[in-house]
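Biologist: I am new to this structure and would like to learn how the surroundings of a bound molecule are read. Could we go through them step by step?

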Amino acid sequence: MHSTPSYKTGAQHKSVPTSPMTWLQERKQFVRALLSNPAAIGAVAPSGAALAAAITASIQPKAGKVLELGCGTGVFTREMLRKGVAPSSLVLVEQDSEMSSSLRTQFPEAAVLQVSAQDLSRHSHPELNGIGAAICGLPLRNMSGALHHKLLTAVFEAMHPGGSMHFFTYGVRCPISSSVLDDCGLLARRERFVPLNLPPASVYRLHRRA
Ligand SMILES: C[S@@+](CC[C@H](N)C(=O)[O-])C[C@H]1O[C@@H](n2cnc3c(N)ncnc32)[C@H](O)[C@@H]1O
């Protein structure tokens, strides 16, 4: 269960006025979304604390704007706030309307874009400019190579030169094909395995080739 959260801002602990969901509200919201669009959710439950810690491990609180794709109920978002990322530096992308509206309530200082991630572009979404890092909770295994290509092109066009995107998969191999990685000039590296998640997951880092 969530109680009133105490988040870090920079090096300091600071209470941030948010409207946290209870454990039960979060599960109910997730199940409603799963029943209405199973392929878009692609998971049986929100990610657990160990996966949230692993996928956000490299996010530096002062690294500038952080883009999060496929936020769902906000598990990774809350972890970033706990790590000291400023809520106003978050750009949250979620296509489900109920989840987006709940993200706006939970994180009123963040920019919440209710849009399909593959339709993002710097031109129509200026919030993307100056992204320093990205976290991806999208069900990448359920998306085509063409969608991966569109998505990665938009994200890395907006990202700082040294920025990287972290994503997870339940599969045994990288869900993005080597031809898409080559076309986009990116490298993928498996960084962590998280056995204590339902189901167990691997975290990957994507970055530009030197
Ligand atoms: C597996 S859930 C992950 C949610 C959360 N990050 C977590 O780990 O618990 C995938 C989320 O991505 C969203 N999603 C799926 N396809 C999307 C797309 N093309 N654009 C934006 N959001 C999408 C779904 O609505 C869902 O909330």
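Biologist: How many nonpolar, polar and charged residues does the shell around the ligand have?

Modeller: This is a predicted model, and in it the shell around the ligand, sorted by class, has 13 nonpolar, seven polar and two charged residues. In total 22 residues surround the ligand, and the closest are Ile 41, Ser 47, Glu 94, Ala 117 and Gln 118.

Biologist: Which helices each supply at least two residues of that shell?

Modeller: Helix H2, residues 38–41, and helix H4, residues 75–82, each do so.

Biologist: What should I look for as polar contacts of the ligand?

Modeller: Such a contact is a pair of N or O atoms within 3.5 Å. Here an oxygen atom of the ligand is 2.6 Å from an N or O atom in the side chain of Glu 94, while a polar backbone atom of Gly 72 is 3.4 Å from an oxygen atom of the ligand. A nitrogen atom of the ligand, in turn, lies 3.3 Å from a backbone N or O atom of Gln 95. As for cover, the ligand on its own has 600 Å² of accessible area, of which the protein covers 96%.

Biologist: Where does the ligand sit?

Modeller: The ligand sits in the largest pocket, which holds about 700 Å³ of space. This pocket is lined by 40 residues, and the closest to its centre are Ala 40, Ile 41, Gly 137, Leu 138 and Pro 139. By class, the lining has 23 nonpolar, 13 polar and four charged residues.

Note on methods: Residues numbered from 1 in each chain as written. Predicted model: local features only at pLDDT ≥ 70, side-chain atom pairs only at ≥ 80, totals over all residues. Heavy atoms only, no water. Near = heavy atom within 4 Å. Polar contact = N/O pair within 3.5 Å; in protein donor to acceptor, adjacent residues only side chain to side chain. Areas by Shrake-Rupley, 256 points an atom, 1.4 Å probe, with all protein chains shown as cover. 1 Å grid on protein atoms, 1.4 Å probe; cavity = no way out; pocket = protein on both sides within 12 Å on 5 of 7 lines; lining within 4 Å. Sits in = over half its atoms within 2 Å of the grid points. Helix = DSSP H or I, 4+ residues; strand = E, 2+ residues; numbered from the N terminus. Nonpolar A, V, L, I, M, F, W, Y, C, P; charged D, E, K, R; others polar. Points joined across faces, edges and corners; volume = space filled by probe spheres on them.
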